[in-house]
Amino acid sequence: MSPLDRAAIVSFGNCWTVNQNFTSDTTLLIAAVNSLTATGRTAALDGIWKGLDLTKLEAGSNKAVIALSDGMENWSQNCGTGLPDGVSDPQGFTDDLNFLDSISAAIGAPVYTISLGTDFDAQYLEDIANATGGEYHHAPTNETLDGIYDQIKISICTRYLICYTSPDTIANGDCHDVIICRDNADGDKTGNPDCYRCDTTEYCEPYPPVIAITVDPA
């Protein structure tokens, strides 16, 4: 953490607990982590919800929630929060993931997820990370956690949001490569800059809505 960073600690077993609210005091944060004990069930979705709920109150635009779990979601329906309820449907935890994604999008806080050990459910951790713009990582042992947190820190510190108006104004499902490159200050400013460290992604336009007209037989 840099001096301007703030973090909070939320644990989840049978339900969520705020072990330390947002602070820049790393002594308090480390003490909260060291006080944790693995016990009870795994209300992971409710724990992630509470992390997002706390984060939405924080100022600034560079926010994230990091969720570490060594178990399988099995108890959010008993936590009493409402949604997420931890009840799986044929597609997994679709309603819960949509609910958490809506909060994540509203506050601009992706969820990074980490599974630890061998007894975990990777699917919902992958799904929520992918849905919210975060990343999923697996740590076979606790010795690998430091490296994973370093990767997440780099991802969080290099996030950016770019908005632009495409010359293609027809939403017909076309897909476009979006390439963003850094312009070196020493590059040629005559229209041929020295660009490097390019990020590439793909944006697919939505299809227009299909309107079905029905005729009243009467």
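A strand, in the sense used here, is a DSSP run of E with at least two residues, and strands are numbered from the N terminus. The model examined in these exercises is predicted.

**Exercise 1. Describe the lining of the second largest pocket, and state which element gives the largest share of it.**

Step 1. The second largest pocket holds about 380 Å³ of space. Strand 6 (175-183) and strand 7 (195-204) are the elements that each give two or more residues to its lining.

Step 2. The largest share, five residues, comes from strand 7.

Step 3. In total, 13 residues line this pocket, and those nearest its centre are Tyr 160, Ile 162, Val 178, Ile 180 and Thr 201.

Step 4. By type, the lining residues divide into seven nonpolar, three polar and three charged.

**Exercise 2. Determine which residues are joined into one network by salt bridges that share partners.**

Step 1. The structure holds three salt bridges. Side chains of opposite charge can pair when their charged atoms come close.

Step 2. Asp 53 forms a salt bridge with Lys 50, with 3.2 Å between the closest N and O atoms. Both residues belong to helix 2 and stand three residues apart, about one turn of the helix.

Step 3. Asp 53 also meets Lys 56 in a salt bridge, at 3.1 Å from N to O. Through these shared partners, Lys 50, Asp 53 and Lys 56 form one network.

Step 4. The accessibility of each member can now be assigned. Buried means under 20% relative accessible area; therefore Asp 53, at 18%, counts as buried, and so does Lys 50, at 11%. Lys 56, at 43%, counts as partly exposed.

**Exercise 3. Explain which parts of the chain are tied together by the salt bridge of Glu 58 and Arg 6.**

Step 1. The two side chains meet at 2.7 Å, N to O.

Step 2. Glu 58 lies in the loop between helix 2 (44-55) and strand 3 (65-69), whereas Arg 6 lies in the segment before strand 1 (7-12), so the pair ties together parts that are 52 residues apart in sequence.

Step 3. Glu 58 is buried, with a relative accessible area of 17%, while Arg 6 is partly exposed at 43%.

**Exercise 4. Identify the residues that make a nonpolar surface patch of about 220 Å², and locate Tyr 149.**

Step 1. The patch is made by Ile 66, Leu 68 and Tyr 149.

Step 2. Tyr 149 is found in helix 5, which covers residues 145-157.

Step 3. With a relative accessible area of 34%, Tyr 149 is partly exposed. Patch residues must have over 30%, so Tyr 149 satisfies that cut-off.

Definitions and conventions:
Residues are numbered from 1 along each chain as its sequence is written. This is a predicted model: local features need pLDDT of at least 70, side-chain atom pairs count only at pLDDT 80 or more; totals for chains, interfaces and linings use all residues. Side-chain values use heavy atoms; hydrogens and water are left out. On a 1 Å grid over the protein atoms alone, a cavity is a set of points where a 1.4 Å probe fits but cannot get out, and a pocket is an open set with protein on both sides within 12 Å along at least five of seven lines; lining residues have an atom within 4 Å of a point. Grid points are joined across faces, edges and corners, and a volume is the space filled by probe spheres set on the points. Helices (H or I, at least four residues) and strands (E, at least two) are DSSP runs, numbered from the N terminus. Ala, Val, Leu, Ile, Met, Phe, Trp, Tyr, Cys and Pro count as nonpolar, Asp, Glu, Lys and Arg as charged, and the others, Gly among them, as polar. Patches are made of residues with over 30% relative accessible area and no salt bridge: like charges are joined within 9 Å, nonpolar side chains (Val, Leu, Ile, Met, Phe, Trp, Tyr) within 5 Å. Accessible areas come from the Shrake-Rupley method with a 1.4 Å probe; for residues, only the protein chains shown count as cover. A salt bridge is a side-chain nitrogen of Lys or Arg within 4 Å of a carboxyl oxygen of Asp or Glu. Buried means under 20% relative accessible area, exposed over 50%, partly exposed in between (1.4 Å probe, protein chains only).
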